[in-house]
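Colleague: Got a minute to walk me through this model? I'd like short answers, please.

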Amino acid sequence: MSFYDDHILPVVLDACCGMKAIQRQRAALLPRARGRVLEIGIGTGRNFPFYAPLQVEQLVGLDPAETMHGKARKRAAAAGMEVELLSISAEGIPAAARSFDTVVCTFSLCTIPDPVAALHEMRRVLKPGGDLLFSEHGLAPDTSVQRWQHRLSPGWSRIAGGCQLDRDIPALLEQGGFRIHDMDARYLKGPKPWTYVRTGSARAA
């Protein structure tokens with residue numbers, strides 16, 4: 001890991017993920033989490049203020065970027081929540097099958113090296129009838145925006161921790177064994193190649 005990856009990138013990503021438009025997506029989604037919850041790509045804990053603590057029995061968070069865990073713990077404490085943090089990627093979740101009521105994945109599928117493998121793992125650990133709650137930016141519906149996403153994504157990925165601008169979120173969910181239960185899709189405020197966001201829930205197909 002470079003100085004940039006260890007010290008600069010986490011600060012930049014935390015600031016970007018804390019933009020008001022993104023926080024509103026979190027606020028609309030996270031109160032739906034219930035029971036035993038697994039959060040994928042927990043980062044610096046931007047989701048913590050939006051959980052309904054009385055509905056969450058246990059919260060486990062995965063993120064290979066251990067440099068972000070310190071801030072995540074502080075945010076968990078500020079929100080009055082306890083969290084178990086694991087420094088691993090989502091392609092191999094160390095949990096038994098059918099062991100979580102809810103899986104949360106927000107603004108993380110863009111950076112996971114093998115998102116389909118990760119989604120298969122999320123499906124494996126969800127209990128029957130459990131929900132995958134997601135909010136993800138990705139491939140826009142407009143051809144002109146898509147062209148810019150394809151052009152920008154390789155360079156952007158190199159400076160943004162592997163983030164891909166042009167991942168097709170509904171297609172990835174289907175390939176990962178999920179069917180979308182409900183979804184809101186829209187451009188948030190900001191440059192269109194970065195701001196087409198889909199928020200909703202999915203269940204095992």
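**The sheet and its neighbours**

Modeller: Start with the sheet. It is open, with seven strands in the order 3-2-1-4-5-7-6 and mixed pairing. Strands here are DSSP runs of E with at least two residues, helices are runs of H or I with at least four, and both are numbered from the N terminus. Two strands pair if DSSP finds at least two bridges between them.

Colleague: Which strands stand at the edges?

Modeller: Strand 3 (84–86) and strand 6 (178–187). Each has a single partner strand, so one side of each has no neighbour in the sheet.

Colleague: And how far are neighbouring strands turned against each other?

Modeller: By 15° on average, ignoring direction. The axes are lines fitted to C-alpha atoms, for helices over the stretch in contact, and angles run from 0 to 180 degrees between N-to-C directions.

Colleague: Before we go on, what kind of model is this?

Modeller: This is a predicted model: local features need pLDDT of at least 70, side-chain atom pairs count only at pLDDT 80 or more, and totals for chains, interfaces and linings use all residues. Residues are numbered from 1 along each chain as its sequence is written, and side-chain values use heavy atoms, leaving out hydrogens and water.

Colleague: OK. In what sense do strand 4 and strand 5 pair?

Modeller: Parallel, over six bridges. Strand 4 covers residues 100–106 and strand 5 covers residues 126–137. Cys105 stands opposite Phe134 in strand 5.

Colleague: Which helix packs on the sheet there?

Modeller: Helix 4, residues 115–125. It touches strand 1 (35–40), strand 4, strand 5, strand 6 and strand 7 (196–204). Contact means heavy atoms within 4.5 Å. The direction of helix 4 makes about 145° with that of strand 5.

Colleague: Where is Ala117 found?

Modeller: In helix 4. Ala117 is partly exposed, at 24% relative accessible area. Buried means under 20%, exposed over 50%, and partly exposed in between (1.4 Å probe, protein chains only). Ala117 and Glu91 are 26 residues apart in sequence, yet their C-alpha atoms are 5.4 Å apart in space.

Colleague: New topic. How many disulfides does a search of the whole structure find?

Modeller: Zero. A disulfide is a pair of cysteine sulfur atoms within 2.5 Å. For Cys16, the nearest cysteine sulfur is that of Cys17, 6.7 Å away. For Cys105, it is that of Cys110, at 8.7 Å.

Colleague: Is Cys105 buried or exposed?

Modeller: Buried, with a relative accessible area of 2%. Cys16 is partly exposed, at 33%.

Colleague: What about the backbone? Which sign does phi have in most residues other than glycine?

Modeller: Negative. Arg98 has a positive phi, near 60°. Phe107 also has a positive phi, near 50°.

Colleague: Where do Arg98 and Phe107 lie?

Modeller: Arg98 is in the loop between strand 3 and strand 4. Phe107 is in the loop between strand 4 and helix 4. Arg98 is exposed, at 58% relative accessibility, whereas Phe107 is buried, at 12%.

Colleague: Last one. Where does the kink lie in helix 1?

Modeller: At Leu9, shortly before the proline Pro10. The kink is about 40°. That bend is the angle between axes fitted to the seven residues ending at a residue and the seven starting there.

Colleague: Which residues of helix 1 are buried?

Modeller: Leu9, Pro10 and Asp14. The buried residues of helix 1 pack against helix 3 (69–78) and helix 5 (143–159).
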